[in-house]
Amino acid sequence: MAPEEGSVAVVIAAFNPDATLLDNARAAAAQAVGVVVVDDGSTPASDDVFAALLADGVVVHHQPSNAGIAAALNAGVTEARERWAPTHILTLDQDSKLAPTYVRHALDTFRGATAAGLEVGFVSAAAYGPHATPSRGTIAGFTRAFDPLQSGFVVPVATLDAVGMFDEGLFIDGVDSEFTARVRAAGLEVLVGTGCQLEHALGKREPALLFGRPLRLFGRPITYNYHSPSRVYYISRNGATLAARYLRTDPAWVARRSVEELKAHTLRIGLGRDKTKLLMAAVAGIGDAWRHRTGRLTDDLARKLSGARSRS
């Protein structure tokens with residue numbers, strides 16, 4: 001990559017990855033000055049994958065324990081900046097694969113938007129597989145991203161220096177949303193990268209059920225993204241936290257995001273499995289947001305949500 005194009009380092013957060021991470025890391029390495037994979041407390045079952053990454057020349061950073069996606073990304077960003085001093089950081093999930101022209105298109109978007117007089121905080125993917133990134137209008141001919149997933153963020157290090165790193169208190173879920181809102185609150189644009197295509201798994205979808213029977217609309221089954229009770233806890237807690245934190249600076253974004261979350265919770269809790277545990281998780285999450293609690297959920301709540309009995 002020529003110096004005038006900017007230098008991009010890739011940070012991939014990984015937890016118990018399988019061998020597909022190898023191809024994804026290779027696709028990233030072909031477009032970057034270096035790749036850091038952060039092992040966020042994986043089990044020994046993934047040791048062979050990490051060994052193969054090292055053999056490919058990928059830097060593997062092992063976290064001492066599972067500390068969440070924000071802490072993993074921050075550790076990777078710090079490692080990448082110390083090793084290669086890149087101008088941009090590209091963050092990825094372990095199950096995401098860049099199209100061959102992803103980085104070139106992202107940097108083209110930066111150059112074009114800057115030439116148009118925009119101050120760009122970061123650029124996101126244009127699509128995750130067949131699913132286009134939701135937008136919130138355009139500015140100077142560029143598409144503004146609504147609430148993009150962090151997999152595919154191309155962030156100038158200048159943005160990180162200006163607004164800070166990812167919020168580790170959130171642990172997982174909403175980390176990308178919080179960063180997006182914080183960047184916008186600083187007066188910077190969050191743009192969709194024109195032509196930035198990403199292969200990405202968007203979660204496990206299950207059929208919506210009513211009295212044990214699948215629901216259909218116009219003959220097609222209604223499905224929803226299933227998440228475990230512990231994930232629903234984080235989604236609910238962090239969603240409420242972000243709503244309170246950014247209601248004054250971006251009420252339209254908060255309102256739209258809250259409606260989308262409410263729709264997902266309605267399907268998940270009302271028409272899915274594990275209804276009681278999911279409702280318990282959502283209530284606990286909102287309650288902890290009210291009490292300004294962050295970090296990992298407590299062991300006691302984790303046991304309740306999993307149905308396990310406490311040890312006496």
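Good morning. I begin with F166, which is buried, with a relative accessible area of 4%. The model under discussion is a predicted one, and every value I quote is computed from it.

F166 has a partner, F179, and the two rings form a tilted aromatic pair, 4.7 Å from centre to centre with 40° between the planes. The contact links distant parts of the chain: F166 belongs to the loop between α5 (157–163) and α6 (175–185), while F179 sits in helix α6, 13 residues apart from it. F179 is buried as well, at a relative accessible area of 0%. Both fall under the 20% limit for a buried residue.

How many aromatic pairs does the structure hold? The number is six. Ring pairs join F166 and F179 with F122 and F153 into a cluster. Another pair is made by Y233 and Y234, whose ring centres are 5.2 Å apart; their planes meet at 70°, so this pair is edge-to-face. Y233 and Y234 are both buried. One further ring deserves mention here: R256 lies over the face of F146, at 3.8 Å from the ring centre.

I turn now to the strands. F122, a member of the aromatic cluster, stands opposite V190 in β12. The strands concerned are β6 (residues 120–124) and β12 (residues 189–192), which pair in the parallel sense over four bridges. Why may β6 be called largely enclosed by the rest of the structure? Five of its five residues are buried, and therefore the description holds.

Strand β1 (residues 8–14) is also mostly covered, with seven of its seven residues buried. V8, V10, I12 and A14 point one way from β1, whereas A9, V11 and A13 point the other way, and all are buried. Which strands does β1 pair with? One is β4 (residues 88–93), parallel to β1 and joined to it by six bridges; here A9 has I89 as its bridge partner. Another is β2 (residues 34–39), which also runs parallel to β1 and is joined to it by six bridges; in that case V10 is matched with V35.

The loops that adjoin β1 and β4 hold two residues of interest for their backbone angles. Most residues other than glycine have a negative phi. N16, which is not a glycine, has a positive phi of about 50°. N16 lies in the loop between β1 and α1 (20–29) and is partly exposed, at a relative accessible area of 32%. A85 likewise has a positive phi, near 45°, and is a residue other than glycine. The loop that holds A85 runs between α3 (69–84) and β4. Is A85 buried or exposed? At 58% relative accessibility, A85 counts as exposed.

A positive phi also appears in a hairpin. Strands β9 and β10 form this hairpin with two residues between them, and A140 in the turn has a positive phi of about 55°. Strand β9 (residues 135–139) and strand β10 (residues 142–145) run antiparallel and are joined by three bridges. Within the pairing, I139 stands opposite F142 in β10.

Next, a sheet of four strands. This sheet is open, its order is β5-β13-β7-β8, and its pairing is mixed. At the edges stand β5 (96–98) and β8 (131–132); each has a single partner strand, so one side of each is left without a neighbour in the sheet. The partner of β8 is β7 (residues 127–128), antiparallel to it and joined by two bridges. A127 has A132 in β8 as its bridge partner.

I close with the second largest pocket, which has a volume of about 250 Å³. Which of its 15 lining residues are the closest to its centre? They are A240, S258, E261, H265 and I286. Three helices give two or more residues to this lining: α7 (229–246), α8 (251–271) and α9 (275–290). Of these, α8 supplies the largest share, seven residues. By character, the lining divides into nine nonpolar, four polar and two charged residues.

To recapitulate: F166 and F179 are a buried pair within a cluster that also takes in F122 and F153; β1 and β6 have all of their residues buried; and α8 gives the largest share of the lining of the second largest pocket. Thank you for your attention.

Key. Residues numbered from 1 in each chain as written. Predicted model: local features only at pLDDT ≥ 70, side-chain atom pairs only at ≥ 80, totals over all residues. Heavy atoms only, no water. Pairing = 2+ DSSP bridges. 1 Å grid on protein atoms, 1.4 Å probe; cavity = no way out; pocket = protein on both sides within 12 Å on 5 of 7 lines; lining within 4 Å. Points joined across faces, edges and corners; volume = space filled by probe spheres on them. Nonpolar A, V, L, I, M, F, W, Y, C, P; charged D, E, K, R; others polar. Phe/Tyr/Trp six-rings, centres within 6.5 Å; stacked < 30°, edge-to-face > 60°. Buried < 20%, exposed > 50% of the residue type's maximum accessible area, 1.4 Å probe, protein only. Lys NZ or Arg CZ within 6 Å of the ring centre and 35° of its normal.
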